[in-house]
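Q: I am new to this structure and would like a close look at a single part of it. Please take me through that part step by step, in connected prose.

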Amino acid sequence: MASPLPPTLPPLRGGLLGHRCREDPADRGCHLLPAFSYFDDTKFKALKVDGVEAKAENVCNGSFKIWAYEHMYTKDADEVTQAFIDYMMSDEVQGSMVEGQGFIPANDMKVKKDASGTITNA
């Protein structure tokens, strides 16, 4: 069983952990991996990993290795559920809403990651 977070850290909810890090940057237990939508150069510094900058283009081409998909799970999707999934993957959502919120559109990814974390060309 994984250890719970130390009591000094709030649970990660919508950037709350990032807020905690700003309140007490000396708190050595405060490490965060925020989505790019939370990046704010005036509040913290995004570190390079293996010499690669944390930028959307580097995630899309696979050179920045720390990333994850947003997940939606369904089993035997009915017509309404499939329509919702199709809408979420549409250009209307991926091309404007997702990007407008600071996330990377799924159709911009040039690589894919399997369940074991192996990254390959899409």
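How do the residues of the lining of the second largest pocket divide into nonpolar, polar and charged?

A: The model shown here is predicted, and what follows should be read with that in mind. The lining of the second largest pocket divides into five nonpolar residues, no polar ones and four charged ones. The pocket itself has a volume of about 150 Å³, and the residues that line it are Phe39, Asp41, Ala46, Leu47, Lys48, Glu53, Ala54, Lys55 and Ala56.

Two of the names in that lining, Glu53 and Lys55, deserve a slower look, for Glu53 forms a salt bridge with Lys55, and the closest N and O atoms of the pair are 3.9 Å apart. That distance counts as a salt bridge because the cut-off is within 4 Å, from a side-chain nitrogen of Lys or Arg to a carboxyl oxygen of Asp or Glu. A search of the whole structure finds one salt bridge, so the pair at this pocket is the one that the search finds.

It is also worth asking how far the two partners are covered by the protein. Glu53 has a relative accessibility of 38% and therefore counts as partly exposed, and Lys55, with a relative accessibility of 38%, counts as partly exposed too. Both values fall in the range between under 20%, which would be buried, and over 50%, which would be exposed.

Taken together, the picture is of a pocket with five nonpolar and four charged residues in its lining, among them Glu53 and Lys55, which are joined by a salt bridge.

Technical notes
Residues are numbered from 1 along each chain as its sequence is written. This is a predicted model: local features need pLDDT of at least 70, side-chain atom pairs count only at pLDDT 80 or more; totals for chains, interfaces and linings use all residues. Side-chain values use heavy atoms; hydrogens and water are left out. Buried means under 20% relative accessible area, exposed over 50%, partly exposed in between (1.4 Å probe, protein chains only). On a 1 Å grid over the protein atoms alone, a cavity is a set of points where a 1.4 Å probe fits but cannot get out, and a pocket is an open set with protein on both sides within 12 Å along at least five of seven lines; lining residues have an atom within 4 Å of a point. Grid points are joined across faces, edges and corners, and a volume is the space filled by probe spheres set on the points. Ala, Val, Leu, Ile, Met, Phe, Trp, Tyr, Cys and Pro count as nonpolar, Asp, Glu, Lys and Arg as charged, and the others, Gly among them, as polar.
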